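Please load the model in the viewer and display side chains as sticks. The tour below proceeds by selection, with a short account of what is found at each stop.

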Amino acid sequence: MSNVGDPAPDFSLAASDGQTYSLSQFRGKNHVVLVFYPGDDTPTCTAQLCDYRDGWEDFRQLGAVILGVSTNDLTAHKKFAEKYSFPFPLLEDPGNQLCKAYGILMLGGLLPIANRAVFIIDKQGIIRYRHVETLPIFKRSRAELLEALRQIAA
């Protein structure tokens, strides 16, 4: 399980926009808001990611990028991203390796679905914010994440 103060587990995963993203590519350049969510085009996930989409410029002004991750495949990610015009990629996690590395599979791994969780990783690759929802119907607001990023930058 990854906690605040730990080096963030690196990854290299294919995304909805046809590119491959690695955590290490942002080192020294951007903070990374790593958003794990249970499923594409579901009510709470849609509301959460649309909230972040609507604040995209605020995240960018604070030097952050957003990467969404769920256990859905690239076909579902692409359809979801296009439907809601997300300016950030949705990453495919085959075999749930990234979910396992961050310790966020539902029911302690009994279900092969990502729990709703957000990690903010600073430019040095250290986890500075971590929140895993106790119930996946809850979500972190854009305002909360932006405040956490401001604290990291201070």
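Begin with Arg128, which is partly exposed, its relative accessible area being 42%. The model is a predicted one. Add Asp122 to the selection: the two residues form a salt bridge in which the closest N and O atoms are 2.7 Å apart. Asp122 has a relative accessibility of 6%, so it counts as buried, the limit being under 20%. A search of the whole structure finds eight salt bridges. In general, side chains of opposite charge can pair when their charged atoms come close.

**A salt-bridge network**

Next, select Glu133, Arg140 and Glu144, which salt bridges link into a network. Between Glu133 and Arg140 the closest N and O atoms are 2.7 Å apart. The salt bridge between Glu144 and Arg140 has an N to O distance of 3.1 Å. Which of these residues are buried, and which partly exposed? Glu133 is buried, at 5% relative accessible area, and Arg140 also counts as buried, at 18%. Glu144, with 30%, is partly exposed.

**Helix H5**

Extend the selection to residues 142–153, the helix H5. Its 12 residues should span 16 Å at 1.5 Å a residue, and its end C-alpha atoms are indeed 16 Å apart, which agrees. Within H5, colour Leu145, Leu146, Ala148 and Leu149, which are buried. These residues cover an arc of only 160° around the axis, and therefore lie on the same side of H5. Rotate to the face turned away from that buried side, where the exposed residues Ala143 and Gln151 are carried.

What do the buried residues of H5 pack against? Their partners are strands S3 (31–36), S4 (64–70), S6 (117–121) and S7 (127–132), together with helices H1 (43–54) and H2 (56–61).

**Helix H1**

Among those partners, select H1, which has 12 residues. From first C-alpha to last, H1 reaches 16 Å, close to the 16 Å expected at 1.5 Å a residue. The buried residues to highlight in H1 are Cys45, Thr46, Gln48, Leu49, Cys50 and Tyr52.

**A nonpolar surface patch**

Switch to a surface view and select Leu135, Ile137 and Phe138, which make a nonpolar patch of about 300 Å². Ile137 is found in the loop between S7 and H5. Ile137 has a relative accessible area of 59% and is exposed.

**Two residues with positive phi**

Most residues other than glycine have a negative phi. Select Asp41, in the loop between S3 and H1. Asp41 is not a glycine, yet its phi is positive, at about 60°. Asp41 is partly exposed, with 35% relative accessible area.

Then move to Asn96, in the loop between strand S5 (90–92) and helix H4 (97–102). Asn96 is likewise a residue other than glycine with a positive phi, near 60°. Is Asn96 buried or exposed? At 12% relative accessibility, Asn96 counts as buried.

**Strand S2**

Finish at Thr20, found in strand S2 (residues 20–22). Thr20 counts as partly exposed, at 49% relative accessibility. Show its contacts, leaving aside neighbours within four places in sequence: Ser12, Leu13, Ala14 and Gln25. For a last distance, pick the C-alpha atoms of Thr20 and Pro9, which are 11 residues apart along the chain and separated by 16 Å.

Definitions and conventions
Residues are numbered from 1 along each chain as its sequence is written. This is a predicted model: local features need pLDDT of at least 70, side-chain atom pairs count only at pLDDT 80 or more; totals for chains, interfaces and linings use all residues. Side-chain values use heavy atoms; hydrogens and water are left out. Helices (H or I, at least four residues) and strands (E, at least two) are DSSP runs, numbered from the N terminus. The expected span of a helix is 1.5 Å times one less than its number of residues. Buried means under 20% relative accessible area, exposed over 50%, partly exposed in between (1.4 Å probe, protein chains only). The arc is that of the directions from the helix axis to the C-beta atoms. Contact means heavy atoms within 4.5 Å. Patches are made of residues with over 30% relative accessible area and no salt bridge: like charges are joined within 9 Å, nonpolar side chains (Val, Leu, Ile, Met, Phe, Trp, Tyr) within 5 Å. Accessible areas come from the Shrake-Rupley method with a 1.4 Å probe; for residues, only the protein chains shown count as cover. A salt bridge is a side-chain nitrogen of Lys or Arg within 4 Å of a carboxyl oxygen of Asp or Glu.
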